[in-house]
Amino acid sequence: MTDTSASPVLQRAAQAPAPHAHILPEDGLAGTLVGRAWVPGDVPGPAVIALRTDGVFDLSRHYPTMSTLLDTPAPAEAARAAKGQYLCRVDELLANSQPNHIGQSSTRNAALPWLLAPCDLQVVKAAGVTFAASLIERVIEEQARGDAARAQGLRSQVVGLIGESLADIRPGSEQAMALKALLQDKGLWSQYLEVGIGPDAEVFTKAPVLAAVGTGEEIGIRADSAWNNPEPEVVLAVNSRGAIVGATLGNDVNLRDIEGRSALLLGKAKDNNASCAIGPFIRLFDAGFGLDQVRTETVHLRVAGTDGFTLRGINTMASISRDPADLVAQTLAAHQYPDGFMLFLGTLFAPIEDRDQPGGGFTHKLGDVVTIQSAWLGALHNTVTHSETAPPWRFGLRAFIANLAARGLLQGAAL
């Protein structure tokens with residue numbers, strides 16, 4: 001379930017004096033990379049940016065919002081064609097977007113821009129239980145009623161009965177329905193198995209519009225959670241027409257004890273202040289990158305604790321039980337998204353390594369630095385804190401629109 005070997009990017013990161021310096025994809029600036037940055041000035045505010053070999057360019061005069069850019073007929077071509085206003089060198093932006101350790105004063109240069117979550121008006125959605133391995137862990141969470149101490153014994157019992165070979169079962173198929181009948185007969189049917197192998201995917205709203213944090217920001221767990229973990233995922237960028245136009249990385253922070261008590265507590269387990277990280281930027285689909293690359297991408301996770309503990313894992317998209325395009329279609333089946341949406345695709349990764357004592361499993365500690373990295377999409381870095389003490393989310397839709405107006409970006413512009 002987890003991988004003890006890090007990717008070359010993570011190995012270099014672990015050895016370098018500045019361990020979070022690697023944010024770009026392995027092919028550097030070869031792709032069409034767009035994002036959002038906080039730009040200082042007379043009226044500071046969030047700007048849509050393009051990362052190019054000759055620098056970082058503000059595209060806001062062309063596209064006031066990321067939603068606007070993604071809604072163009074060919075977003076990658078539009079991003080490349082827009083001249084934009086030069087802001088700084090790429091390395092200056094990345095250096096100014098590094099995470100700080102808990103308790104340390106900020107090293108951010110207020111005179112330079114820094115990265116934000118790359119989405120703005122898009123609704124942030126997430127698909128759950130899309131991998132067989134994580135499906136088994138969800139069943140264990142439910143059976144353990146959120147008690148990490150009971151999980152190890154239940155894990156052996158559940159795997160002994162249903163095995164670990166669910167990846168070959170197509171959700172909604174006759175084979176899946178036969179397995180459902182068998183598990184019901186054994187008294188082990190679960191709501192997680194329903195969405196894992198049944199015809200309907202679990203799709204929920206992960207965070208309010210504009211509430212996601214970007215790379216370098218603190219990411220929050222609730223102070224009353226004693227069993228939680230990161231969820232490294234690929235996140236699709238989908239425009240108002242339902243077209244998948246790009247991808248990025250995300251951390252769908254999971255409070256296992258709270259959701260394990262009851263699936264009806266999903267909102268409390270998933271949607272908290274600073275509990276959703278997306279970034280570092282969106283890689284737009286172009287001639288060299290598309291959905292086929294997403295389908296075969298491998299996402300690497302590294303958690304480095306202040307206690308010296310290190311956790312590594314992988315999320316292999318080739319192992320997903322539902323195709324990304326199907327998850328988008330199910331999201332769109334009975335709803336419209338006039339500003340587009342971001343869709344977390346779920347994760348294979350569910351940590352079971354013991355951190356403090358045998359049988360205790362893994363849970364976060366304050367100060368953990370979480371790195372989520374992939375070859376095509378770069379690296380997302382965040383430091384764990386409590387949701388209650390993370391910087392409060394105050395820049396909502398009214399503040400965003402007022403800021404755009406103050407910067408003169410609303411005259412004749414479509415948001």
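What follows is a conversation between a biologist and a modeller about a predicted model.

Biologist: What should I know about the numbering and the cut-offs on confidence?

Modeller: Residues are numbered from 1 along each chain as its sequence is written. This is a predicted model, in which local features need pLDDT of at least 70, side-chain atom pairs count only at pLDDT 80 or more, totals for chains, interfaces and linings use all residues, and side-chain values use heavy atoms, with hydrogens and water left out.

Biologist: How many helices and strands are there, and what makes a run a helix or a strand?

Modeller: The protein chain has 13 helices and 18 strands. Both are DSSP runs numbered from the N terminus: helices are H or I with at least four residues, strands are E with at least two.

Biologist: Why is F289 called buried and W376 partly exposed?

Modeller: Buried means under 20% relative accessible area, exposed means over 50%, and partly exposed is in between (1.4 Å probe, protein chains only). F289 has 2% relative accessibility, so F289 counts as buried. W376 has 27%, so W376 counts as partly exposed. Of the 415 residues in the protein chain, 58% are buried.

Biologist: What makes F289 and W376 an aromatic pair, and why is the pair called tilted?

Modeller: Rings of Phe, Tyr and Trp (its six-membered ring) pair if their centres lie within 6.5 Å; planes under 30 degrees apart count as stacked, over 60 as edge-to-face and the rest as tilted. The centres of F289 and W376 are 5.5 Å apart, with 35° between the planes, so the pair is tilted. The pair links distant parts of the chain, 87 residues apart: F289 is in the loop between β13 and α11, and W376 is in the loop between β17 and β18.

Biologist: How do you know that F395 and F400 pair in a tilted way?

Modeller: Their centres are 6.2 Å apart and their planes 55° apart, so the pair meets the criterion for tilted. F395 is partly exposed at 24% relative accessible area, whereas F400 is buried at 2%. Ring pairs also join W38 with F395 and F400 in a cluster. The whole structure has seven aromatic pairs.

Biologist: Why is the charged end of R283 said to sit over the ring of F289?

Modeller: A charge sits over a ring if NZ of Lys or CZ of Arg is within 6 Å of the ring centre and within 35 degrees of the ring normal. The charged end of R283 is 5.1 Å from the centre of the F289 ring, so the distance criterion is met. The charged end of R52 likewise sits over the ring of F57, 5.0 Å from its centre.

Biologist: What makes a group of residues a nonpolar core, and which residues touch the most other members of the largest one?

Modeller: A nonpolar core is a set of buried Ala, Val, Leu, Ile, Met, Phe, Trp, Tyr and Cys residues joined through side-chain atoms within 4.5 Å. The largest has 44 residues, of which V234, L236, A247, V294 and L345 touch the most other members. A second, separate core of 31 residues includes A117, A211, I278 and I282. In soluble globular proteins, nonpolar side chains tend to be buried together.

Biologist: How do you know that V294 touches F289?

Modeller: Contact means heavy atoms within 4.5 Å. Apart from residues up to four places away in sequence, V294 touches V234, L236, A247, F285, F289, M317 and L345.

Biologist: Why are the buried residues of α12 said to line one face of the helix?

Modeller: The buried residues of α12 (residues 324-332) are P324, L327, V328 and T331. Seen down the axis, they fall within an arc of 100°, so they line one face of the helix. The arc is that of the directions from the helix axis to the C-beta atoms. Among the elements that cover these buried residues are β6, β7, β10 and β11.

Biologist: Why is Q85 called exposed, and what does Q85 touch?

Modeller: The relative accessible area of Q85 is 52%, so Q85 counts as exposed. Q85 lies in strand β4 (residues 85-88). Leaving aside neighbours within four places in sequence, Q85 is in contact with V56, F57 and D58.

Biologist: Why does E202 count as buried?

Modeller: E202 has 17% relative accessibility, so E202 counts as buried. E202 lies in strand β7, and the residues that E202 touches include A126, V195 and L266.
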